[in-house]
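Visitor: I'm new here and would like to learn how to read this one. Could you walk me through it?

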Amino acid sequence: MRTVSGYKATIGALTAIFWKGIRHYTRYPGSFVLILVMPFLFTLMIFGMGQFVGGSNASLNFAARTGTSNILVYEILGSAVWMIGWVVIEDVGVALRDEQMKGTLEQNFLAPVNRVTLLIGLSLTDIVITSAVFVVVVGVTIMITLPAAALSLLQAFVVLLIGLIPLFGIGFLFAGFVLRFKEPYVFTQILNLLFATLTGTYYPVSLLPYWVQFLSGALPQTYVIENMRRIVLANQTLVDIYGSMFVLLVLALAYPTFGYAVFKQLEKKASITGEFSKY
Amino acid sequence: MNAVEVQSLSKIFETKEGPLLRKVPKKVVAVDGISFSVPKGEIFGLLGPNGAGKTTTIKMLCTLITPTSGDAFINGNSLASDQQKVRESLGVMLTGERTLYWKLTGRENLEYFAALYHLDPLDARKRIDELLDLVGLKQHEHMLVENYSTGMRVRLSFAKAILNDAPVLLFDEPTASLDPQSSRLIRDTIRSLKKEGHAIILTTHNMEEADLLSDRVAIIDRGSIVALGSPSELKDKVKSSDVIEIEARNLSDRIVNALETFSEVSKIALATDPQSSEKGSLRIHAEKGKEVLPKVLEFLVRKQVSVTKVSFIEPTLEDVFISETGRSLRD
């Protein structure tokens, strides 16, 4: 039996895992509805809170603190990055647990497919679908409310694409914890909600206390959100934000390396205790 | 070079038992320093009761569980240092129906795993066609697995295990919960795979299956191999005794303990009927069976045991197990 190796093997495996996910989606169509309405619901909630609780000066205060009067684009950018981050981190972390619950985790682990390919692949369908939906939502919103910034969208999406890499790293970290300790949503939901507070999803990080800003600086979403806003709302280019992009690139290297190292350790531990087949 | 070389493989699980805050650490020895080898073209049976350590052994050999000590070499690759190569050399069928994706069709399942095993896409397509034909699922290839019967799912799992045509095949209870026809299909295929030169390790608690299929059998109990040899060699060991099987109602451990004290009885084991706790069968090994039988029957009648059938039988692998452990395989 002939086999393929190298990039052909990786692409073949990723494609198969991706299509398996798509087939599951089409056979559980309800989950599509959730993905389609989520970005609108979150943005509406925050937009409404600002408008109705902020009072008559809400818009002015918002502009003074954020440097832009375009509330919708400002909030939807934060919301989109936060939600994509949530999906990436949760899906990479929870994908293995889902397989474990189905009873198929061991079957995947028996195959000679690389673990990173498996980890990324198992969450790929959700990430691609969610990202595509968010890109469309963000794109359409900007085209309608801020047509002048339409051309800068491409640069903003480059930032988003680079920002996904460290998020996978955080996902690897969770995948290890989930494999070892089960109860996936305890880890992912607490931290994803915390990330919304720390990374400037709905307000500038600069308004946070100094010590909190220190924590924010270690999180990749902070740079993705800030840089996308600078590109779309302040007409800056990737060259103008090179310092912040450099930090994001460093995080894109550090998080996956650290996350995968922790995953391997916890996977080893799970293999010693025979956790793979346990529900 | 043997296709499989197992060297002093052990697995001790460390667990904690007891109520919260008062949990006590406990060590469970699942596999206790077993060694064996399997050459190419041999079917090697691991026979033992539930909980004997068969599945843990298989899971260690296929890299799903890390051994506590010892090592094994699959196609020359060490479990301890080259897991990736070990996985490439293996085809594995684990027990359980949920080893497949129920929301995928039979063909989609095989296509998915073919990609994870890095099979060339063109070869994979041909191989999947062949295998679906082989396991009699060609007509149902586009049906979701959730609509398959148990037998169909097991046959698909079997096809998945041999998909990559690996030199070493591990089958964990491959015919458990199968109808006789499907069992025969799988057994025949296992024999053909052996002829093709695959080294096959098969776990089972079904002694007939171990006897029918295996070139050599390791009888495993409480994590240790208690006997190893070809089925006929193993059975020869107990041929010096007569084997009496007594089927009866109201048998109990107390009766067995009392019968054990009979000087003519060398070994005795009780197996209860899984369908009815009242029914059971005694298997008695005695050098002079015809002399001891009247005494045993008299004792049983006195103890108000209602005997339904008595027979002298040819020793089976079950008798080897009884002879080595003093217990029945169905204990």
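Guide: Let's begin with vocabulary: helices (H or I, at least four residues) and strands (E, at least two) are DSSP runs, numbered from the N terminus. Contact means that two residues have their C-beta atoms, placed from the backbone, within 7 Å. Axes are lines fitted to C-alpha atoms, for helices over the stretch in contact, and angles run from 0 to 180 degrees between N-to-C directions. With that, look at helix 11 (residues 317–325) of chain B: it lies across strand 3 (43–47), strand 9 (216–221) and strand 10 of chain B, at about 40° to strand 9 of chain B.

Guide: Keep in mind that this is a predicted model, where local features need pLDDT of at least 70 and side-chain atom pairs count only at pLDDT 80 or more, while totals for chains, interfaces and linings use all residues. Residues are numbered from 1 along each chain as its sequence is written, and chains are lettered from A and ligands numbered from 1 in the order in which they are written.

Visitor: In what order do the six strands of the open sheet in chain B come?

Guide: Strands pair if DSSP finds at least two bridges between them. Here the order is 6-7-8-3-9-10 in chain B, with mixed pairing. Strand 6 (90–93) and strand 10 (224–229) of chain B are at the edges with a single partner strand each, so one side of each has no neighbour in the sheet. On average, neighbouring strands are turned by 15° against each other, direction ignored.

Visitor: How many bridges join strand 6 and strand 7 of chain B?

Guide: Four, and strand 6 pairs with strand 7 (residues 168–172) of chain B in the parallel sense. Leu90(B), for instance, stands opposite Val168(B) in strand 7 of chain B. Across strand 6 and strand 7 of chain B lies helix 5 (residues 150–161) of chain B, running at about 170° to strand 6 of chain B.

Visitor: At what angle do helix 3 and helix 4 of chain B pack?

Guide: Angles under 35 degrees count as roughly parallel, over 145 as roughly antiparallel, 65 to 115 as roughly perpendicular and the rest as oblique. Helix 3 and helix 4 of chain B pack at about 135°, with axes 10 Å apart, and are therefore oblique to each other. Among the residues making the contact are Leu110(B) of helix 3 and Ile128(B) of helix 4 of chain B.

Visitor: How many residues of chain B are in contact with chain A?

Guide: 31 residues of chain B, in contact with 31 residues of chain A. Helix 3 of chain B gives the largest share of chain B's side, six residues.
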